[in-house]
Each structure stands twice: as structure tokens, then as C-alpha cells.
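Let's take a walk through this model together, with an eye on charge pairs, surface patches and a few backbone angles. Have the structure open as you read.

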Amino acid sequence: AARIIQNMDPTAEPCKDFYQYACGGWLNRHVIPETSSRYSIFDILRDELEIILKGVLETSDQGDREAFQKAKILYKSCMNESLIEQRDSLPLLEALTMVGDWPVASADWNKTKEPNWSMEEKLSIMNSRFNKRILIDMFVWNDDRDSSRHIIYIDQPSLGMPSRDYYFNGGNYQRVREAYLQFMITIAKMIREDKNMSKDDSFVQEEMAKVMELETEIAN
């Protein structure tokens with residue numbers, strides 16, 4: 001209650017400027033940071049919570065429950081920048097191997113990988129190991145008809161870009177679409193280089209154009 005009163009401006013006449021009356025105190029004491037497009041009590045609480053979490057994650061993990069240990073391991077792995085730099089692209093290359101490699105970054109993929117490649121198997125690996133839904137989204141949630149049980153839901157996943165508008169509209173959408181395609185081309189070239197493969201820009205561009213075409217069909 002004290003915080004609500006503090007964020008009000010009781011000197012303002014509510015019948016003339018209710019917004020100033022309700023929020024004037026907040027506006028007088030807070031400025032939107034340059035790094036944010038908005039600033040509210042929820043943003044303040046989030047910042048405070050992140051500081052608390054940082055302190056918790058940096059404490060010794062002796063005697064912690066398994067869930068806390070996992071959270072601290074994840075935090076330490078993200079903060080260990082020297083090891084991240086040392087490993088370079090190795091984690092990504094290992095992930096690609098698990099899902100059957102990437103045709104655009106493989107030599108003779110159609111001959112060496114495709115015969116034993118199973119889409120059903122790879123989709124399940126992407127979902128279970130990497131929490132990535134492709135073509136089909138599948139998850140367990142409360143049954144809408146009976147909240148005492150959980151059931152399997154099957155749905156459409158999100159697209160590569162935020163919405164289908166990015167695949168069809170002009171203006172800023174088109175600029176993002178072009179940058180998205182260029183991003184895919186750049187990543188493919190980087191992986192080919194890391195795998196010591198020959199430079200073939202035209203092949204990479206053709207393959208990524210096919211990816212863009214497929215995503216556009218899905219968006220449609």
C-alpha cells in the first residue's frame with residue numbers, strides 16, 4: 001500500500017488528469033534506462049531478482065539438492081568464457097553429428113548419411129536433447145478436460161522468424177528476411193571452414209535458398 005501511494009501524485013486533480021494522479025509519483029522518480037524500451041515495477045523486481053540469483057548461484061554447492069547443483073553447473077559453464085573460446089565450434093559440430101549432419105556442410109551427404117537418416121528419430125532427438133521443436137511441437141501439459149491428469153499435446157511449432165509476416169510482407173519485414181537468409185549463409189560457411197571443407201559459395205547460397213523456400217511454405 002505504501003508503494004502504491006508513493007507512486008501516486010495526490011496533488012493532481014484526478015478528474016482533470018487521472019494518469020498524473022495515479023502515476024505521477026512514479027514518473028517523478030524514475031527514468032527509462034537507455035538500454036530499455038520500458039520501465040515498470042516488474043522490471044525493477046526482475047533486476048533485483050537477478051542480483052539475488054547471481055549471489056545464490058555463486059555460492060558453494062556443497063550439500064545442495066540436485067536441482068540447485070545443476071543450476072550452478074549451468075551458470076558456471078556460461079561464465080567460463082575462456083573454456084568457451086577454447087572449445088570454439090566443437091559443441092555445435094558435435095550437435096550436428098548427433099542429428100545426422102548438415103547437408104550444406106557435409107561431403108556427399110546424400111550417399112553417406114541419407115540412407116540411414118530417419119526424420120522421426122532426428123525430430124525426437126532435437127526435442128528431447130536440445131528442446132528444439134521442428135515441424136511438430138509435442139509436449140506434456142494439464143488436460144483441459146480433466147485437470148487432475150496430464151496428456152500429450154501435439155501442435156505446430158514456432159517459425160524460424162517471429163511470425164509469418166516476416167516471410168511475406170515488405171518494408172522492414174523484407175529487410176529482416178534478407179538478413180535472416182544472409183545469417184544462415186554465413187553460419188554454413190563458418191561450419192564448412194571449421195570442418196576444413198572447400199569453399200563453395202554458390203552451393204551454400206543455393207542450399208540456404210532452399211531452406212528459406214521450405215520455411216516460407218511452412219509459414220504459408
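## A salt bridge between two loops

D101 and K113 form a salt bridge, and their closest N and O atoms are 3.7 Å apart. D101 sits in the loop between α6 and α7 (109-112), while K113 sits in the loop between α7 and α8, so the pair ties together parts that are 12 residues apart in sequence. Please keep in mind that this is a predicted model.

Are the two partners buried or exposed? D101 has a relative accessibility of 17%, so it counts as buried, the cut-off being under 20%. K113, at 35%, counts as partly exposed. As general background, side chains of opposite charge can pair when their charged atoms come close.

## Salt bridges within helices

How many salt bridges does a search of the whole structure find? The count is 14. One of them joins the side chains of K70 and E66, with an N to O distance of 3.4 Å. Both residues belong to helix α4 (residues 66-79), where they are 4 residues apart, about one turn of the helix. K70 is exposed at 52% relative accessibility, and E66 is exposed as well, with a relative accessible area of 55%.

A further example is the salt bridge between E207 and K210, whose closest N and O atoms are 3.3 Å apart. Here the two residues lie in helix α11, 3 residues apart, which is again about one turn of the helix. E207 has a relative accessible area of 19% and is therefore buried, whereas E66 in the α4 pair is exposed.

Salt bridges can also link up into a network. R38, D43, R46 and D47 are connected in this way.

## A negative patch on the surface

Now for acidic residues that gather at the surface. E81, E85, D88, E193 and D194 make up a patch of negative charge there. The elements giving two or more residues to this patch are α5 (81-87) and α10 (172-194).

Two members are worth a closer look. D88 is found in the loop between α5 and α6 (90-98), and its relative accessible area of 55% makes it exposed. E193 has its place in helix α10 and counts as exposed too, at 59% relative accessibility. Which residue lies 8.9 Å from E193, C-alpha to C-alpha, although 88 residues separate the two in sequence? That residue is A105.

## A nonpolar patch on the surface

The surface also carries a nonpolar patch. Its residues are W117, M119, I134, L135, I136, M138, V140, I152, I154, L214 and I218, and together they have about 1000 Å² of accessible area. Strands β1 (137-143) and β2 (146-155) and helix α11 (201-219) are the elements that give two or more residues to the patch.

V140 is a handy residue to select when you look at this region. It lies in strand β1, and with a relative accessible area of 51% V140 is exposed, since the cut-off for that class is over 50%.

## Two asparagines with positive phi

Most residues other than glycine have a negative phi. Against that background, where do the asparagines with positive values sit? N131, with phi near 55 degrees, lies in the loop between α8 (119-130) and β1. N196, with a positive phi of about 55 degrees, lies in the loop between α10 and α11.

Each of these loop residues can also be placed by its accessibility. N131 counts as exposed at 54% relative accessibility, and N196 counts as exposed at 73%.

## The annotated region

To finish, a step back to the chain. The UniProt record, an unreviewed entry, annotates residues 14-220 as "domain: Peptidase M13 N-terminal". Over residues 14-220 the chain is 58% helix and 8% strand. The C-alpha atoms at the two ends of that stretch are 49 Å apart.

Definitions and conventions: Residues numbered from 1 in each chain as written. Predicted model: local features only at pLDDT ≥ 70, side-chain atom pairs only at ≥ 80, totals over all residues. Heavy atoms only, no water. Patch = residues over 30% accessible without salt bridge, like charges linked within 9 Å, V, L, I, M, F, W, Y side chains within 5 Å. Areas by Shrake-Rupley, 256 points an atom, 1.4 Å probe, with all protein chains shown as cover. Salt bridge = Lys/Arg side-chain N within 4 Å of Asp/Glu carboxyl O. Buried < 20%, exposed > 50% of the residue type's maximum accessible area, 1.4 Å probe, protein only. Lys, Arg positive; Asp, Glu negative; His and termini not counted. Charge placed at Lys NZ, Arg CZ, Asp CG, Glu CD. UniProt positions renumbered as here; feature names shortened; annotations may be inferred.
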